[in-house]
Amino acid sequence: MTIPTGPEGARLDFAAAMSYGDYLQLDALLAAQVPRSADHNEMLFIVQHQATELWMKLAIHEMMAAREHVKHDDLPPAFKMLARVARIMAQLNQSWDVLSTLTPAEYSAFRQQLGSSSGFQSYQYRTIEFLLGHKNRVLVEPHRHRGEIAARLDQLLAEPSLYDEAIRVLVRRGLLEARHAERDWSAERASDDEVCAAWVAVYRDPSAHWDLYELAEKLVDLEDAFRQWRFRHATTVERVIGLKRGTGGTSGVGYLRKLLEVELFPELWRARTEL
């Protein structure tokens, strides 16, 4: 049977073949935008946040794999993955430009339809935070009604973060004492002078520690991009709702501003002062 073709030989008949829409499951994807009001601007709000969740899914995919490579001292593949995550964060950062076209009056017209739902409850965002080492057991609680999600977050709490695994590489390379290889992984790390000194040693002699040097820079790139994303988030929220409380019950902009003070990899930033 001859398959009909169009311009440049493009296939036209997909009755018995997988099409672009089939591969991407576009019917399901494009049916997932269900505004709860008749307001024109609610579609923007939904698409913005769903697209963000898709990008976060990819970021998690890359960070989980990068952490596994670092865990096994296979650093070069992790560099590409971490570079990709930094680019994803840059993409997310730019997406605030679209949401910021939503005026306070436009958002107020449908805000009540959100009920108590809030980005604070994004379990993928929480996954990213836990993978990066910003851990807080209380933040699993909004997900207890979803047992499988809470279990995944509890597991991430109990495991070393990406940065924890980087520090364990420093131990295996003889730049840190063995005691730094184990701790309560569910607790947020405090800045450590000895860890800082180890990174300083890497930076002072990059030729002797080239892969560690590159790992350090990839982590700094990642935190830099993540900080910018958080900053744009806080700025966009203030632009749209001012200092109102968030729909999920937080202080809104006040809560987001506090997150700007969080350092994920503090020793890597302190090392710059020590050099």
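Helices here are DSSP runs of H or I with at least four residues, and strands are E runs of at least two. By that count, the protein chain has twelve helices and zero strands. The model is predicted.

**Whole chain**

Start with everything shown as a cartoon. Read from the N terminus, and the elements run α-α-α-α-α-α-α-α-α-α-α-α. Along the principal axes, the C-alpha atoms fill a box of roughly 60 × 60 × 35 Å. Switch on the surface. The accessible area comes to about 15000 Å², and 55% of that belongs to carbon and sulfur atoms. Colour by burial next. Of the 275 residues in the chain, 40% are buried. Then look at contacts. Among those with a separation of 6 or more, 69% join residues 24 or more positions apart.

**Stop 1: the largest pocket**

Select F45, H49, S118, G119 and F120. Of the 48 residues that line the largest pocket, these are the closest to its centre. The space in this pocket is about 1500 Å³.

Which elements give two or more residues to the lining? They are α3 (42-71), α4 (75-99), α6 (123-132), α10 (210-241) and α11 (253-259). Colour α3 on its own. With nine residues, α3 gives the most to the lining. Now colour the lining by residue class. You should find 22 nonpolar, 19 polar and seven charged residues.

**Stop 2: helix α6**

Stay with one of the pocket's helices and select residues 123-132, which are α6. Why is α6 largely enclosed by the rest of the structure? Nine of its ten residues are buried, so the helix has cover from the rest of the structure. Buried here means under 20% relative accessible area. The buried residues of α6 are Q124, Y125, R126, T127, I128, E129, F130, L131 and L132. Show the surroundings to see what covers them. The cover includes α3, α4, α7 (147-158), α8, α10 and α11.

Pick R126 within helix α6. Is this arginine buried or exposed? R126 counts as buried, at 1% relative accessibility. Setting aside neighbours within four places in sequence, R126 is in contact with F120, L139, L153 and Y255. One of these, F120, you have already met among the residues closest to the pocket centre.

Step just past the end of α6. There, G133 takes a positive phi of about 105°.

**Stop 3: helix α11 and L256**

Move to L256, in helix α11. L256 counts as buried, with 10% relative accessibility. Beyond neighbours within four places in sequence, L256 is in contact with H233, A234 and V237. Add R232 to the selection. Its C-alpha atom is separated from that of L256 by 10.0 Å, and the two residues are 24 apart along the chain.

**Stop 4: S186 in its loop**

Go to the loop between α8 (162-172) and α9 (193-204), where S186 has its place. S186 is buried, with a relative accessible area of 16%. Show side chains as sticks. Which side chains make polar contacts with that of S186? One is R137, at 3.4 Å. Another is D184, at 2.6 Å. Leave out neighbours within four places in sequence, and S186 is in contact with K135, R137 and L157. R137 thus appears twice at this stop, in a side-chain polar contact and in the list of contacts.

**Stop 5: two positive phi angles**

Finish with backbone geometry. Most residues other than glycine have a negative phi. Two places here go the other way.

Select Q25, in the loop between α1 (20-24) and α2 (26-30). Q25 is not a glycine, yet has a positive phi of about 50°. Q25 counts as exposed, at 57% relative accessibility.

Then select D73, in the loop between α3 and α4. What is the phi of D73? The angle is near 60°, a positive value in a residue other than glycine. D73 is partly exposed, with a relative accessible area of 31%. The helices on both sides of this loop, α3 and α4, are also among the elements that line the largest pocket.

Notes: Residues are numbered from 1 along each chain as its sequence is written. This is a predicted model: local features need pLDDT of at least 70, side-chain atom pairs count only at pLDDT 80 or more; totals for chains, interfaces and linings use all residues. Side-chain values use heavy atoms; hydrogens and water are left out. On a 1 Å grid over the protein atoms alone, a cavity is a set of points where a 1.4 Å probe fits but cannot get out, and a pocket is an open set with protein on both sides within 12 Å along at least five of seven lines; lining residues have an atom within 4 Å of a point. Grid points are joined across faces, edges and corners, and a volume is the space filled by probe spheres set on the points. Ala, Val, Leu, Ile, Met, Phe, Trp, Tyr, Cys and Pro count as nonpolar, Asp, Glu, Lys and Arg as charged, and the others, Gly among them, as polar. Buried means under 20% relative accessible area, exposed over 50%, partly exposed in between (1.4 Å probe, protein chains only). Contact means heavy atoms within 4.5 Å. Accessible areas come from the Shrake-Rupley method with a 1.4 Å probe; for residues, only the protein chains shown count as cover. A polar contact is a pair of N or O atoms within 3.5 Å; within protein, one must be able to donate a hydrogen and the other to accept it, and residues adjacent in sequence count only if both atoms are side-chain atoms.
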